[in-house]
Amino acid sequence: MTEELTSDMAPEDAFLAQLDVLRHRYLARLPGLVARIADLSGLALETKEREQWREAHRLLHSLAGTAPTYGFTAVAQAARGLLALMTVVLDDPSASFPGPKELDQALERLRQAEAESEPLPNPEGPIIAPAP
Amino acid sequence: MSADPLRRILLVEDDLDIQAVIQLSLEMNGGFTVATCARASQALDLARSFGPDLILLDVMMPDLNGPALLGAMRQDPDLAGIPAVFLTAKSLDEDPWLERLPGVLARISKPFDPQELVPALLRIWAGRVRDPGSPRP
């Protein structure tokens, strides 16, 4: 969406149209974000490296806060489930990392929620292609 | 109660996806002039040059968290009086002390409805109280 396309719209419609652009961009980036979280957390589980775990936790925390703001509530719900697993390890240095199966299940729920995410309908606004 | 209008907002938020939606909402729905930065380490310089009426501040950031950044601002005479609103995904139960920090007007919880952000912020701004003992404006 460019400003030229929204310049003749009512302010509220222009806002919704621009919001739709951001939502499509975010949706296009979700698979990469989820893959990055899966890579980091998987690696951290193998090496028991808390800094990688912390970085995966930071990305998940962002995902849990941002996804529902764009309307992707199922992604946020799955992210919060995984976040709970990861937080225990960060909050308590003596806590054990979760088992691989437990992590895989939580990651799979996140992947599934991401794969099923669809752009929210915006019947009043123009059809907008995702940004490249 | 102060009648100073809210015009200029400094947004400090490391998540660029959420930063984009907040900036869009503040500019298009609120008509505010907005400056953004993603790193707490950039925020002090930007706050000095931009001169915001209000700082909208993320709590969890990788280089320095929001409360620590706010503490640094309170040590700077040029920035000490600028009120702040925190953005946080944590609940009131997790961080009950957040609003009690000097100059903090309120918290806005993530996630939020982008269409409700500006009305919420205007309510917060309208409800702030002048207090000579605090750094609020």
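In this predicted model, B:Leu56 touches B:Ile9, B:Leu10, B:Leu11, B:Val85 and B:Leu87, leaving out residues up to four places away in sequence. B:Leu56 is also one of the residues that touch the most other members of the largest nonpolar core. That core holds 64 residues. The others with the most contacts to fellow members are A:Leu60, A:Val75, A:Ala79, B:Ile55 and B:Leu57. Helix H2 of chain A gives the most to this core, with 13 residues. In soluble globular proteins, nonpolar side chains tend to be buried together.

The sheet of chain B comes next. Five strands form an open sheet in the order S2-S1-S3-S4-S5. The pairing is parallel. Strands of a sheet pair through backbone hydrogen bonds, either parallel or antiparallel. Strand S2 (33-37) and strand S5 (104-109) of chain B stand at the edges. Each has a single partner strand, so one side of each is left without a neighbour in the sheet. From one strand to the next, the twist averages 20°. Helix H1 of chain B packs on this sheet and touches S1 and S2 of chain B. The direction of H1(B) makes about 170° with that of S2(B).

Strand S1 of chain B covers residues 8-12. Four of the five residues of S1(B) are buried, so the strand is mostly covered. S1(B) pairs with strand S3 (residues 54-58) of chain B in the parallel sense, over four bridges. Within this pairing, B:Ile9 has B:Leu54 of S3(B) as its bridge partner. Five bridges join S1(B) to S2(B), and these two strands run parallel. Here B:Val12 has B:Cys37 of S2(B) as its bridge partner.

Beyond the sheet, one peptide bond of chain B stands out. B:Lys110 and B:Pro111 are joined by a cis peptide bond, with omega about 0°. B:Pro111 lies in the loop between S5 and helix H4 (117-126) of chain B. Most residues other than glycine have a negative phi, and most peptide bonds are trans.

Chain A is built from helices. It has five helices and zero strands. Along the sequence, its pattern is α-α-α-α-α. Chain A has 132 residues, and buried residues make up 34% of them. Among its contacts between residues at least 6 apart in sequence, 64% join residues at least 24 apart.

Helix H3 of chain A runs over residues 50-66. At 1.5 Å a residue, its 17 residues should span 24 Å. The end C-alpha atoms are 24 Å apart, which agrees. The buried residues of H3(A) are A:Trp53, A:Ala56, A:His57, A:Leu60, A:His61, A:Ser62, A:Leu63, A:Ala64, A:Gly65 and A:Thr66. One of them, A:Leu60, is among the core residues that touch the most other members. Both chains help to cover the buried residues of H3(A). The cover includes helix H2 (11-47) and helix H4 (73-91) of chain A, together with helix H1 (16-29) of chain B.

Two loop residues flank H3(A) in contrasting settings. A:Lys48 lies in the loop between H2 and H3 of chain A. Its phi is near 60°, a positive value in a residue other than glycine. A:Lys48 has 11 C-beta neighbours inside 10 Å, and therefore counts as exposed. A:Phe72 lies in the loop between H3 and H4 of chain A. A:Phe72 is buried because 26 other C-beta atoms lie within 10 Å, and 20 or more suffice. Apart from neighbours within four places in sequence, A:Phe72 is in contact with A:Ala67 and A:Ser117. A:Ile37 lies 35 residues from A:Phe72 along the chain. The C-alpha atoms of these two residues are separated by 17 Å.

The two chains also meet. Their contact takes 16 residues from chain A and 15 residues from chain B. On the side of chain A that touches chain B, H2 and H3 of chain A are the elements that give two or more residues. H2(A) gives the most to this side, with seven residues. The residues of this side divide into nine nonpolar, six polar and one charged.

Key: Residues numbered from 1 in each chain as written. Chains lettered and ligands numbered in written order. Predicted model: local features only at pLDDT ≥ 70, side-chain atom pairs only at ≥ 80, totals over all residues. Expected span 1.5 Å × (residues − 1). Buried ≥ 20, exposed ≤ 12 C-beta atoms within 10 Å, placed from the backbone. Contact = placed C-beta atoms within 7 Å. Core = buried A, V, L, I, M, F, W, Y, C linked by C-beta atoms within 7 Å. Nonpolar A, V, L, I, M, F, W, Y, C, P; charged D, E, K, R; others polar. Pairing = 2+ DSSP bridges. Axes fitted to C-alpha atoms, helices over the stretch in contact; angles between N-to-C directions.
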